[in-house]
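Here's a quick walk through this model, written for someone who would rather look at residues than at statistics. Keep the viewer open as you read.

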Amino acid sequence: MAKPMMTINQEYYDMITRVEEQLPEARGRIRLAYISLLKGDTEKTLELCDEILAMKAEFKEIEFLKAEAYFNLGTEEDLDKSLEIIEKLKEKDPADKDIVVMEGKIYHSKQDYQKAIDTLLSVVPLEAYEPYVYLTLANALDRTGRSEEALRFYHMDIEYFIETGDIKDPGMLEGAFQNAMCLDVTLEPYSLRRDLDAYKKFLISTENLDEDLQKYVAQTIILLSRFIDRKWVRKLFSELLDYIDERVPLMSLAEFTVKTGHSSVESYNIREDKNISAFTDAYYGNVSGYVHYCMELKVSEEYDDHKSEIGEDEVHVLKLNYLTYNWYMCKYYEDHKKEMDYLKEHYPYMREMFKDIFVRIETDKDAYMLELVDGIREEYFILQKDKLSRNSIREDLSGGFAQVLIEKKAKIQVQGGGVIIRSTDPCPCGSGLRYRDCCGRIG
Ligand SMILES: [Zn+2]
C-alpha cells in the first residue's frame, strides 16, 4: 500500500493546538513531535513523545502519536509495541473510534486479516470520511477471499471522491480504483463504466502525477489489459487509453504501458476482423512476444527496478518465433498488399510497434531474409546445440509456412467466472444497446 502523503492542513494545526493546550509548557515539543512524524522523522517523534510523557504521564494524544510512530516504522517488533499502546488506550476508552481504526490498521499490517476485519467492521460506515479505513478493510477482506465485500469498501473510497472531488492521498485512491476496477469486471460489470469515468477525473485532478503514482497507473493498465478478452471491457479499456493519450502527460514507463495496451486491444480486434487472415493474426501473435520483451528492456534502462520476469531460455524461444514468423511474412507480404494496406490503416499501434520490420520487408527483403535465416540458425544452435545448414533451415521454413497458411484463426477464449451477462441485458460497455446487439454479438 502507498505511504502516507497527508498534507499539513489547517484542521491538523487546530488539532495540534488543542493537544498543546493540555500541556502548555511542552508546546514546542508537541508541535515538533507531530510535524516530525509527517516529515518521516519517526525517531525524532518517538524521542519527543517520551520527553513529553515524562512531563505528563497517561497523556492520551501523545501516547496515540507514539503508537502511530511505531506503526510507521512497521517492523514486527514496532507493530507489537504500537498495538500494546493502542490496546491500553482502548481499555480506557473503548468508544474512541480513532483508537479502533488504528488497532485495525495495525492488525492489517501484522497480516492478521481476520482481526483487522473484525475491528474495522465495528467502525464503518464512517461518520466523517477518513482515508485508509475502507481501503485497509477492503484489502483485508480481499486477502481472505471475501471479494464481494471487499469491492463494496473499495467503492466507498471511490464514492467519496465522486461526491466531493477530494483526494486525501492520491496513492491510496489509485489503489482503491485499481482493485475496484479489476473486481468490477467479474463481480459488478455495470460499475466498471462509472469507476472508469471517476478514474479519468482522478487522473486529471492530480496535478503532475509523480513517479510513484505513474507506476501505479502503469500497473492498473497492465492489470486491466488482462480482461480485454471480454469485448465490452476492451471497449472501455480502449477509451481509457485514448483519454490518457489526450489528457494525461506520462513519463516513459507509463507511456509505454499505454502504447502496449493499445496494441493489445488491436491484437484482439484483429482476431475478430474478417479482413485479416489467420496468417496475419498468427504473425502478430508470434512476433509480439519478442517485440514487447525488447521494449521492456528499453524501459528497464530508465527504471532500475523494472525487471523482466522472462527467463533466458524463454527469450531464445521468443526470438526464434520472432525470426521464423518474420521470414514467413517476407513470403506472405507481396501477394497480400491489400490486406497489408488495410492493416496499416486500421491497426496503427501494431504497425508502429512493428514498423522497422515492415520497412525492411518493403525495401530490402532479400538481405533481410538471409539475416533471418542466420539468426534462426544461431538461436537453434543455442536451444538445441545442433548446427543446421542454411538450406535445411530454408526447407523447414518453407514447410512451416505452407502449414501456417492453411490454419484457421483461433477463437478468443474468454476467462470465465463471476456474474453472467444475459443476452437481453443492457451491454456493460454503456452503449445503451442490449448485450446481444453490442459487445455480445457473435461473429
Ligand atoms: Zn457493448
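Which residues does Asp184 touch, not counting residues up to four places away in sequence? The model, which is a predicted one, gives Pro189, Ser191, Leu192 and Asp195 as the residues that Asp184 touches, with those up to four places away in sequence left out. Asp184 itself sits in helix H10, which covers residues 170–187. Is Asp184 buried or exposed? Asp184 has 27 other C-beta atoms within 10 Å, so it counts as buried; the cut-off for that label is 20 or more. Further along the chain there's Gln415, which is 231 residues from Asp184 in sequence but 14 Å from it in space, C-alpha to C-alpha.

**The overall picture**

Stepping back, the secondary structure of the chain is 21 helices and 0 strands. Its C-alpha atoms fill a box of roughly 90 × 55 × 35 Å along the principal axes. The radius of gyration is 28 Å, whereas a compact globule of 443 residues would come out near 22 Å. Buried residues account for 35% of the 443 residues. If you take the contacts with a separation of 6 or more, 60% of them join residues 24 or more positions apart.

The domain assignment gives domain 1 as 1–107 and domain 2 as 264–412. Measuring between centres over C-alpha atoms isn't needed by eye: the computed separation of domain 1 and domain 2 is 59 Å.

**Helices that pack together**

Now for some helix pairs. Two packed helices are described by the angle between their axes and the distance between the axes, and here are those values.

| Helix pair | Angle between axes | Axis distance |
|---|---|---|
| H2 (27–38) and H4 (60–73) | roughly 20° | within 11 Å |
| H6 and H8 | roughly 40° | within 10 Å |
| H13 (231–247) and H14 (252–272) | about 145° | 10 Å |

Start with H2 and H4. They cross at roughly 20°, and are therefore roughly parallel to each other. The crossing of H2 past H4 is left-handed. On the H2 side, the contact is made by Ala33, Tyr34 and Leu37, and these meet Leu65, Glu68, Ala69 and Asn72 of H4.

Next come H6 and H8. Their axes cross at roughly 40°, which makes H6 oblique to H8. H6 also passes H8 in a left-handed crossing. Val101, Gly104, Lys105 and His108 are what H6 brings to the meeting, and H8 offers Val133, Thr136, Asn139 and Ala140.

With H13 and H14 the angle is about 145°, and H13 passes H14 in a left-handed crossing. Arg234, Phe237, Ser238, Leu241, Ile244 and Asp245 of H13 make the contact with Val258, Gly261, His262, Val265 and Tyr268 of H14. If you're wondering about the spacing in lists like these, an α-helix has 3.6 residues a turn, so residues three or four places apart point the same way.

**Around H7**

Which residues of helix H7 are buried? In H7, residues 113–121, they are Tyr113, Ala116, Ile117, Thr119 and Leu120. The cover over the buried residues of H7 includes helix H6 (97–109) and helix H8 (133–143).

The loops on either side of H7 are worth a click too. Gln111 lies in the loop between H6 and H7. Its phi is near 60°, a positive value in a residue other than glycine. Gln111 counts as exposed because it has 12 C-beta neighbours inside 10 Å. In the loop between H7 and H8 you'll find Pro125, and the peptide bond from Val124 to Pro125 is cis, with omega near -5°.

**Two glutamates to finish**

Glu58 is in the loop between helix H3 (42–55) and H4. Glu58 is not a glycine, yet its phi is positive, near 55°. Glu58 has 10 C-beta neighbours inside 10 Å, so it counts as exposed.

Glu296, by contrast, has its place in helix H15, residues 278–302. With 18 other C-beta atoms within 10 Å, Glu296 is partly exposed. How far apart are the C-alpha atoms of Glu296 and Glu371? They are separated by 24 Å, with the two positions 75 residues apart along the chain.

How values were computed: Residues numbered from 1 in each chain as written. Predicted model: local features only at pLDDT ≥ 70, side-chain atom pairs only at ≥ 80, totals over all residues. Helix = DSSP H or I, 4+ residues; strand = E, 2+ residues; numbered from the N terminus. Rg over C-alpha atoms; globule rule 2.2 N^0.38 Å. Contact = placed C-beta atoms within 7 Å. Domains from an automatic or database assignment. Axes fitted to C-alpha atoms, helices over the stretch in contact; angles between N-to-C directions. Parallel < 35°, antiparallel > 145°, perpendicular 65-115°, else oblique. Left-handed = near helix turned anticlockwise from the far one by under 90°.
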